[in-house]
Amino acid sequence: MVAKSDPNSKLIAENRRARFDYSIESDLEAGIMLFGSEVKSLRQGGSNIAESYASVEGGELWLINGYIAPYLQAKTFGHEERRRRKLLVSKKELSRLWSAVGREGMTIVPMKMYFNDRGIVKLKLGIAKGKKLADKRETSAKRDWDRQKARLLKQNSRD
């Protein structure tokens, strides 16, 4: 029997370049503090996290430069499109992130923004190390080889 997908859980935005530019060491799920007009706009699908990043400042975790389109029906009670948004994580996770960024030189990269099964907006963060140009070339070459290998296997299975 095929499992039904939950109508509440839905991908809002994805940073597809994150895995190309960074080698992701680990990931975690964080909540995000939003205004009502921002949630309404996200339900319509207007957001972008491709050029955003997360930062630990003053003992709190912030999403910086994340874009959420303005919600036109909320004229006077709207929101700023690229405002800093507070991310919600436990103190234990926050201290782990702070030490990874401070001591190990890691970066906190937003990877996906989605509605979970309860209809709450969540952000999947990756703790990552930046790749050098040679690593990016290697990743690209490996991906091309995997595609070519899949084509060859598919062609041989037909014969």
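**Figure 1. G31 and its partner across the pairing of β2 and β9.** In this predicted model, G31 has K122 of β9 as its bridge partner. That bridge belongs to the pairing of β2 with β9, where 9 bridges hold the strands in the antiparallel sense. While you are looking at β9, notice how well covered this strand is: 7 of its 10 residues are buried.

**Figure 2. The hairpin of β8 and β9.** On its other pairing, β9 runs antiparallel to β8, and 8 bridges join these two strands. A good pair to look for is F115 and V121, since F115 stands opposite V121 in β9. The hairpin leaves 5 residues between its strands, and in this turn G119 has a positive phi of about 85°.

**Figure 3. Inside the largest nonpolar core.** Which residues have the most contacts inside this core? They are L61, L87, M113 and L125, in a core of 23 residues. Two or more residues each come from β1 (10-14), β2 (22-32), β5 (60-64), α3 (91-102), β8 (107-115) and β9 (121-130). Among these contributors, β9 gives the largest share, with 4 residues.

**Figure 4. M113 and its surroundings.** Zooming in on M113 brings a long list of contacts into view, leaving aside neighbours within four places in sequence. M113 is in contact with L11, I12 and A13, and also with I32, L42, S47, I49 and L63. V121, K122 and L123 complete the set. K122 may look familiar here, as it is also the bridge partner of G31.

**Figure 5. Helix α2 and its buried face.** Residues 36-44 make up helix α2, and S37, E38, S41 and L42 are its buried residues. Why do the buried residues of α2 line one face of the helix? Seen down the helix axis, they fall within an arc of 140°, so they share one face. These buried residues pack against β1, β3 (47-48), β6 (67-68), β7 (85-88), β8 and β9. Just past the end of the helix sits G45, with a positive phi of about 90°.

**Figure 6. S47 in strand β3.** S47 has its place in strand β3. Is S47 buried or exposed? Its relative accessibility is 17%, so S47 counts as buried, given that the cut-off for buried is under 20%. Not counting residues up to four places away in sequence, S47 touches I12, A13, L42, Y67, I68 and M113. One of these, L42, is a buried residue of α2, and another, M113, has been met already in the core.

**Figure 7. E14 in strand β1.** E14 is found in strand β1. With a relative accessibility of 38%, E14 counts as partly exposed. Apart from its neighbours within four places in sequence, E14 is in contact with I49, M111 and K112. If you scroll along to G105, you will have moved 91 residues in sequence from E14, and the two C-alpha atoms lie 24 Å apart in space.

**Figure 8. The hairpin of β4 and β5.** Strand β4 covers residues 53-57 and pairs with β5 in the antiparallel sense over 5 bridges. Look for A54, whose bridge partner in β5 is L63. L63 also appears among the contacts of M113. The hairpin has 2 residues between its strands, and G58 takes a positive phi near 60° there.

**Figure 9. N65 in the loop after β5.** Where is N65 placed? N65 lies in the loop between β5 and β6. Its backbone deserves a look: N65 has a positive phi of about 70° although it is not a glycine. With a relative accessible area of 26%, N65 is partly exposed.

**Figure 10. Stepping back to the whole chain.** To place the close-ups, it helps to know that the protein has 4 helices and 9 strands. From the N terminus on, they follow the order β-α-β-α-β-β-β-β-β-α-β-β-α. The C-alpha trace spans about 65 × 45 × 30 Å along its principal axes. The radius of gyration is 19 Å, whereas a compact globule of 159 residues would have a value near 15 Å. Of those 159 residues, 34% count as buried. Among contacts with a separation of 6 or more, 69% join residues 24 or more positions apart. The accessible surface comes to about 10,700 Å², and 51% of it belongs to carbon and sulfur atoms.

Definitions and conventions. Residues numbered from 1 in each chain as written. Predicted model: local features only at pLDDT ≥ 70, side-chain atom pairs only at ≥ 80, totals over all residues. Heavy atoms only, no water. Core = buried A, V, L, I, M, F, W, Y, C linked by side-chain atoms within 4.5 Å. Buried < 20%, exposed > 50% of the residue type's maximum accessible area, 1.4 Å probe, protein only. Contact = heavy atoms within 4.5 Å. Pairing = 2+ DSSP bridges. Rg over C-alpha atoms; globule rule 2.2 N^0.38 Å. Areas by Shrake-Rupley, 256 points an atom, 1.4 Å probe, with all protein chains shown as cover. Arc of directions from axis to C-beta.
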